[in-house]
Amino acid sequence: MRTSIPLLGLLALGLVAPAARADVEANLTKAGCLACHTKDKKLVGPAYKDVAAKYKGQADAVPKLMEKTRKGGSGVYGPVPMPPNPVDKISDADLK
């Protein structure tokens, strides 16, 4: 199943059907995202609900966040850097 930032926002708010939620969470676990991020509270990185709120309504949110996830970086949510996430860690389809 392909996921998207809007779907992650709905996941954070608990508005996604249980089967879709399981698929999203499986992709996040498989890629290691949940080591630093949670659905609704800051861990090492920002909560998905905070990311969804920040990019809500931006037409270019998905490609922008895909690029940020691929390249990694720091400074958007604080000084802790996010490592790059290459295609061998998470596919483009799963990242989207």
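Start with three classes of residue. Ala, Val, Leu, Ile, Met, Phe, Trp, Tyr, Cys and Pro count as nonpolar. Asp, Glu, Lys and Arg count as charged. The others, Gly among them, count as polar. Keep these classes in mind for the pocket described below. The model shown above is a predicted one.

First, the overall plan. The chain has 96 residues, and 33% of them count as buried. It contains five helices and zero strands. Follow the sequence from start to end, and the pattern reads α-α-α-α-α.

Now look for empty space. Rolling a probe the size of a water molecule over the atoms shows where such space is left. The largest pocket has a volume of about 870 Å³. Its lining is made of 41 residues. Nearest the centre of this pocket lie H37, P46, K68, T69 and M82. Find these five in the structure, and you have found the middle of the pocket.

Which elements give two or more residues to the lining of the largest pocket? They are α1 (5–13), α2 (18–31), α3 (48–55), α4 (61–71) and α5 (92–95). Helix α4 gives the most, with five residues. Now bring back the three classes. The lining of the largest pocket has 25 nonpolar residues. Twelve more are polar, and four are charged.

Nonpolar residues also turn up on the surface. There, L43, V44 and V80 form a nonpolar patch. Together they have about 240 Å² of accessible area. V80 belongs to the loop between α4 and α5.

Next come the charged pairs. Side chains of opposite charge can pair when their charged atoms come close. How many salt bridges does the count come to? The answer is four. Three of them are worth a visit here.

Begin with K30 and D94. They form a salt bridge, and their closest N and O atoms are 3.7 Å apart. This pair links distant parts of the chain. K30 sits in helix α2 and D94 in helix α5, 64 residues apart. Are the two partners buried or exposed? K30 has a relative accessible area of 63%, so K30 is exposed. D94 has a relative accessibility of 16%, so D94 counts as buried. The cut-offs explain these labels: buried means under 20%, and exposed means over 50%.

The second bridge stays within one helix. K71 and E67 both lie in α4. They are four residues apart, which is about one turn of the helix. Their side chains meet in a salt bridge of 2.7 Å, N to O. K71 counts as exposed because its relative accessibility is 58%. E67, at 45%, counts as partly exposed.

The third bridge joins R70 and D92. Their closest N and O atoms are 2.7 Å apart. Like the K30 pair, this one links distant parts of the chain. R70 is in helix α4, D92 is in helix α5, and 22 residues separate them. R70 has a relative accessibility of 18%, so R70 counts as buried. D92 is partly exposed, with a relative accessible area of 43%.

Stay with R70 a moment longer. How far apart are the C-alpha atoms of R70 and K89? They are separated by 9.7 Å. Along the chain, R70 and K89 are 19 residues apart.

One last pair shows how the chain brings residues together. S91 lies in the loop between α4 and α5, the loop that also holds V80. S91 has a relative accessible area of 29%, so S91 is partly exposed. S91 and N27 are 64 residues apart in sequence. In space, their C-alpha atoms are 9.6 Å apart.

Put the tour together. Five helices make up the pattern of the chain. The largest pocket is lined by 41 residues, with α4 giving the most. Helix α4 also holds K71 and E67, as well as R70. Two of the salt bridges reach helix α5, one through D94 and one through D92.

Definitions and conventions:
Residues numbered from 1 in each chain as written. Predicted model: local features only at pLDDT ≥ 70, side-chain atom pairs only at ≥ 80, totals over all residues. Heavy atoms only, no water. 1 Å grid on protein atoms, 1.4 Å probe; cavity = no way out; pocket = protein on both sides within 12 Å on 5 of 7 lines; lining within 4 Å. Points joined across faces, edges and corners; volume = space filled by probe spheres on them. Patch = residues over 30% accessible without salt bridge, like charges linked within 9 Å, V, L, I, M, F, W, Y side chains within 5 Å. Areas by Shrake-Rupley, 256 points an atom, 1.4 Å probe, with all protein chains shown as cover. Buried < 20%, exposed > 50% of the residue type's maximum accessible area, 1.4 Å probe, protein only.
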